[in-house]
Amino acid sequence: MEGLFPQIRRGYVRVAVERGLDRYPLGLTYALDDDLADVSVGERVIVPLGRGNSLAEGYVVETFPETDSPGTIKHVIRRDDSAPKLPADLLALASWIATYYLASLGPTIAGMLPSAVRRGTGSVTVRLIELADPPLEETRRRPPKQQAVLDVLESLPAGAQPVERRKLAELASLKTCGPIDRLVSAGSLIETRRTAIDAAWRQAAPPESIAPTPTSDQQSVIDSIAEQLDSGFSAHLLRGVTGSGKTEVYMRLIDQVIQKDRIALLLVPEISLTPQTGGRLMSRFPDRRIAVLHSGLTDAQRNQQWAKVANDEVDIIIGARSAVLAPVSHQRLGLVVVDEEHDQSYKQDATPRYHGRDVAVRLAQMAQCPVLLGSATPSIESWANATSRRTYRLHELAERAPGLTIPRVQLVDMAMERKHQKQGTSMAIGPSLEQALEDTLQEGGQALLLLNRRGFASYLACRNRSCGWVLSCDQCDVTMVMHRQHELPRGGFVRCHHCLSEQRVPRACAACGGAMGALGLGTQRIEEALASRYDCLSSGNTLRRIDSDTMRTADDLHTVLDAFGRGDVKVLLGTQMIAKGLDYPGVRLVGVIDADTAIHLPDFRASERTFQLVAQVCGRCGRGNQPGRAIIQTFNPDAPAIRLAAENQYRTFADAELDDRLACGLPPSRRMARVVIQDRDDKRCEAHADSLKDALISIRDQTVEVRGPVECVINRLSGRYRRQIELFAQTPQALHQTLALARSQGLLEVADRVTIDVDPISLM
Ligand code: ADP
Ligand code: ZN
Ligand code: ZN
């Protein structure tokens, strides 16, 4: 291996290699040759890796002049200039994430960077064209093609300019953009360049938004947080009922922050919220530089947004979970806001399994600025921090914003409803909801209907009761979900919602040959039932379904929401996607078709989830000048989570829930980590889990409790058996001491067979 060990060394570096290397979680040491002596922290380099010295990319995370055992150390091969340097602040955050969530640093860093940045791909800009103002005097006659362009622009109504360059060419029946470009260089037309995202949002944004005057409640929240803007780190929880004007509070604070020439970061859950909140921000701050980061972007778009932040060319950053990993300068960051902080989409379900909200709090600590978490239904964790622990300051908005009404919420006991149901009506929608929907439609109102179950039927079972065979996935211990597709034999196909494998709908029961029945109603079935029941509803038109089957891209969602906003769509039917932050004044009715979907889940957060879902979706109506009503169908009208959500009694619910958690030693009263062991062989999985448990017990901090192993709720997934061990501790430090020790001893090394989830939120 000549060349690998040259003589002159100019210092050493620790390199976090991108490829998963659990044995070296925080990086490997390499030596620097003469010509690389000035390599610094944050640079991307190529290094030899493993016995074969295959080339690997990694980031320099530390430099040092000497090392104990220089003889065996390999050398950095070269710099990789194709990637930008990782800012030191971002590296510091990455190190914290890797340590806290027990992930390897290299892959953690790699996951933070948009892939396009790593590959150095170019960015996408939109070129917008408008007439020069005042128009350029031109004496010569223009060529006909150029004249056509000018004619098109002049004929457009005011406000329709600027027009995207290619679109303009199309409107002027041109094959190329040449004539447009010539007019631009002649000064007859003005061209502005924007990122594709900016352009799309500015088009979607309401033309101008006049900021409402804050109510005195809003103002006192704004004032008390604004007081802290120059005082380093502080954490705030804003609990405001749905429609209380939390977003207005965020915007006023953001305004103050950017006035001070600092940067504000706003996190919103998933992409569903981004267009609406984004549009509101754009129209409030039309002259500000806003970066947008979310999973719906193309690589090139993400690259561009990322670069904008890294080059310090932004005032406001908005985005979903990963926006917390934007390369923002800690010194300039002035405020971090996490909207709907309870939302589960903030937790990443792949390594590193970080929680965007918790990273946001850590980021604010590093940047020494305030962090504001907002929700109508805060997570019990944040509630504990704001009440019993008092590490967060609690602010409350108890009233809805002026002009909004409190929805009238009616709990409907489905056991009673069924008795009154007429023959032949849809089983899922009881008489009360049916009547309410009828009335709403007749009055020209809009409705949102929630059913948190995708597909046509959750399972297919043998109709013969003495048999009871249920079609389940070959690879997973879950039932196959039926999806409707009329052109297929037997009207659809079945799919596993975990491994995504698909099959044909079986002709008959595999056990007894009897007839099969489709059970457990999903959104698709309700859609069919509604379309046939109400004359004014037709699928894909006035009735739209929103779930992950129909909404494949952010664009799909925007299109439907736009149509709903215009009033073209009367009823939106969907899964929890519709419970999140939608703000449409025309909604007069919210119907929860089955409030019980989460309540029996084997998860200690089942009540919390149920409460949040019901309370959030009820908050989607009564936002216009008409009062709204919500109808909640349940078989458990007395369950506290459902009753209190209907009564809008968050405090009562949260305080009781917190007591229950304390009594059982569950988060947030203790910290938790979950270790899942997977194996294709069940016996080997069991043995591995048992030995891991013994090892953990022998090295644990005395205050750490180790529970298990037990089979996971979904015992087999994609052909792998799964067992879990749970660790509980009073403090995160104790938990980490044990886990870090386990890792250093190689117990958690087998990345694809053992996964660790710190502060897990999903226990399936
Ligand atoms: P939340 O985020 O708490 O659900 P929003 O910020 O979406 O509430 O506010 C709900 C509606 O009330 C929005 O349309 C908003 O423009 C309006 N609004 C908020 N604050 C005020 C105010 N002080 N006066 C009038 N309207 C307001
Ligand atoms: Zn499966
Ligand atoms: Zn059968």
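**Ligand 1 and a helix pair in a predicted model**

In this predicted model, threonine 247 places a polar side-chain atom 3.0 Å from an oxygen atom of ligand 1.

Trainee: Which side chain has an N or O atom 2.8 Å from an oxygen atom of ligand 1?

Mentor: Arginine 280 has a polar side-chain atom 3.2 Å from an oxygen atom of ligand 1, and for threonine 247 the distance is 3.0 Å. The pair at 2.8 Å involves the side chain of lysine 246.

Trainee: How much of the accessible area of ligand 1 does the protein cover?

Mentor: On its own, ligand 1 has 560 Å² of accessible area. The part of this area covered by the protein is 81%.

Trainee: Which helix gives the most residues to the shell around ligand 1?

Mentor: Ligand 1 is surrounded by 19 residues, with Thr213, Gln218, Gly243, Lys246 and Thr247 the closest. By class, the shell holds 6 nonpolar, 8 polar and 5 charged residues. The greatest contribution, 3 residues, comes from residues 246-259, which form helix 9.

Trainee: Are helix 18 and helix 20 roughly parallel or roughly antiparallel to each other?

Mentor: Helix 18 spans residues 606-618 and helix 20 spans residues 650-664; their axes lie 11 Å apart, at an angle of about 170°. Angles over 145 degrees count as roughly antiparallel. The two helices are therefore roughly antiparallel.

Trainee: How many charged residues are in the contact of helix 18 with helix 20?

Mentor: Helix 18 contributes Ser607, Glu608 and Phe611, while helix 20 contributes Tyr650, Phe653, Glu657 and Arg661. Of these contact residues, 3 are nonpolar and 1 is polar, and the number of charged ones is 3.

Methods
Residues are numbered from 1 along each chain as its sequence is written. Chains are lettered from A and ligands numbered from 1 in the order in which they are written. This is a predicted model: local features need pLDDT of at least 70, side-chain atom pairs count only at pLDDT 80 or more; totals for chains, interfaces and linings use all residues. Side-chain values use heavy atoms; hydrogens and water are left out. Axes are lines fitted to C-alpha atoms, for helices over the stretch in contact, and angles run from 0 to 180 degrees between N-to-C directions. Helices (H or I, at least four residues) and strands (E, at least two) are DSSP runs, numbered from the N terminus. Angles under 35 degrees count as roughly parallel, over 145 as roughly antiparallel, 65 to 115 as roughly perpendicular and the rest as oblique. Contact means heavy atoms within 4.5 Å. Ala, Val, Leu, Ile, Met, Phe, Trp, Tyr, Cys and Pro count as nonpolar, Asp, Glu, Lys and Arg as charged, and the others, Gly among them, as polar. A residue is near a molecule or strand if one of its heavy atoms lies within 4 Å of it. A polar contact is a pair of N or O atoms within 3.5 Å; within protein, one must be able to donate a hydrogen and the other to accept it, and residues adjacent in sequence count only if both atoms are side-chain atoms. Accessible areas come from the Shrake-Rupley method with a 1.4 Å probe; for residues, only the protein chains shown count as cover.
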